[in-house]
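I wanted a quick look at one sheet and its surroundings. These are my notes, entry by entry.

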Amino acid sequence: MTGWYVAILLSLGLAGLHLGWLRRYRRLALGQAAAATKAPGMTDVFAHMPEGVLLTSPDGLIEFANPAFCRLFGLADEPRGNTVMEAIRIHQANELVDRLKGESSVVQEEFMLPGLDPRYLQVNGVAIREKQGRHRGAILVFHDLTRLKRLENMRQEIVANVSHELRTPLSIIKGYVETLLDAEPDTGTTAHRFLKKIENHSDRLAYLIEDILTLSTLESGGTGLELREVNLHQLAEGVLDGLREMADKKKVQLKNSVPETVILKADSQRLFQALNNLVENGIKYGGECVRVSASQADGKLDLCVADDGPGIPAEACDRIFERFFRVDKARSRELGGTGLGLSIVKHITQLHGGTARVESQLGEGASFHLTFPSAGVEAT
Ligand code: ADP
């Protein structure tokens, strides 16, 4: 039995940290269990682990449960000899033990235990197999995520409430400013200039609130993607149409070089938002032309927004997708930037299983690439 304890410790003590480690340590544990059976203090280690540890036999009976597991589920005694269902009455955990019989790698699941005070658990489970592949049971490690989830919910609530509370007075200020500006059409007066300043700063605040809310929703994973087949040429056309007036004012040419047949399974609204942020930046910070293009290779789809502007210094390229990072703070503010646009782009891309990166050299423009997995397919 102690050999299996060692296997559990090696395998799952690290499960909460990284699944790759879990796989590696499981192999190590199975290979070295015999040699390590005499390792001292194993029982103590299990007794003091904050995670609940459970070992089941090939027929799904509990062979071992550590004290943290018993505390987590309010069990007075170690539930040895019972099925998981009998011991903790959570059918998802029972199903996981069954499912692990046919799995060769680590499985991670999250459960919510309903009740007046719901609790959230993350479980990492792995089947134990002998060298010949015979199923020897399963190891499960339970992490209590309740505190983390509560903090996360609290954070979301605060962001939502604060944003809501800020929006209302802001729209009232904007309303009055617009009325006063209408009554003060002479652009040369001090009152007009001051009102224009109030209007600009109110707009900036409004953009900031919207971006903070968007980022908060994206980061909390609270936005389910509405996936459908999106024609990227048409999407880019929509983005460019919406920004044409701004581009014309700055004498920037907009080009859509996305082939008309490229389709990506994506959430069109979110992808629109990402592309919009990139093209808007190209107009704001770029040179004379902003081009959107797309290409497919090696099962990946690359959506690119390139400009011929001043480019981005190498040291800034690594940080450019960070929240509130700006190459030139004053210029970003002057142009109405919030410092959150690229962070939103990164999150939207990641939610689609992709990655965002920038290629740039000073004086030679910047190309932002959103690379998605092979979900992109050519329409016939
Ligand atoms: P902002 O609201 O300031 O535009 P972003 O997150 O969209 O925030 O961009 C972060 C910073 O990256 C910008 O402030 C700007 O300094 C730089 N940047 C973004 N796009 C470009 C671009 N196409 N060319 C040069 N610099 C850029």
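**Entry 1: the sheet.** I am working from a predicted model. I looked up the strand order first. The sheet is open and has 5 strands, in the order 7-9-10-12-11. Its pairing is mixed. I then checked the edges. Strand 7 (253-256) and strand 11 (355-360) are the edge strands, and each pairs on one side only. I also looked up the angle between neighbours. On average, neighbouring strands of this sheet are turned by 20° against each other, direction ignored.

**Entry 2: the helix on the sheet.** Next I asked which strands helix 9 touches. Helix 9 (residues 232-249) packs on the sheet and touches strand 7, strand 9 and strand 10. The direction of helix 9 makes about 175° with that of strand 7.

**Entry 3: strand 9 against strand 10.** I went through this pair in some detail. Strand 9 (residues 289-297) and strand 10 (residues 300-307) run antiparallel, joined by 8 bridges. I noted two of the partners. Val290 has Asp307 in strand 10 as its bridge partner. Arg291 has Ala306 in strand 10 as its partner. I then looked at the turn. The hairpin of strand 9 and strand 10 has 2 residues between the strands. In that hairpin, Asp298 takes a positive phi near 50°.

**Entry 4: the other side of strand 10.** How many bridges pair strand 10 with strand 12? I found 7, and the pairing is in the antiparallel sense. Strand 12 covers residues 366-372. Across this pair, Val305 stands opposite Phe368 in strand 12. I also checked how covered strand 10 is. Of its 8 residues, 6 are buried, so I call strand 10 mostly covered.

**Entry 5: cysteines.** I looked for disulfides. A disulfide is a covalent bond between the sulfur atoms of two cysteines. The count comes to 0. I looked up two cysteines for burial. Cys289 has a relative accessible area of 13%, so I log Cys289 as buried, the cut-off being under 20%. Cys317 also comes out at 13%, and is therefore buried.

**Entry 6: Thr349.** Is Thr349 buried or exposed? Thr349 has a relative accessible area of 1%, which means that it is buried. Its place is in helix 13 (residues 341-351). I then listed what Thr349 touches, not counting residues up to four places away in sequence. The contacts are Gly354, Thr355, Ala356, Leu370 and Phe372. Of these, Thr355 and Ala356 fall in strand 11 (355-360), while Leu370 and Phe372 fall in strand 12 (residues 366-372).

Conventions. Residues numbered from 1 in each chain as written. Predicted model: local features only at pLDDT ≥ 70, side-chain atom pairs only at ≥ 80, totals over all residues. Heavy atoms only, no water. Pairing = 2+ DSSP bridges. Helix = DSSP H or I, 4+ residues; strand = E, 2+ residues; numbered from the N terminus. Axes fitted to C-alpha atoms, helices over the stretch in contact; angles between N-to-C directions. Contact = heavy atoms within 4.5 Å. Disulfide = S-S within 2.5 Å. Buried < 20%, exposed > 50% of the residue type's maximum accessible area, 1.4 Å probe, protein only.
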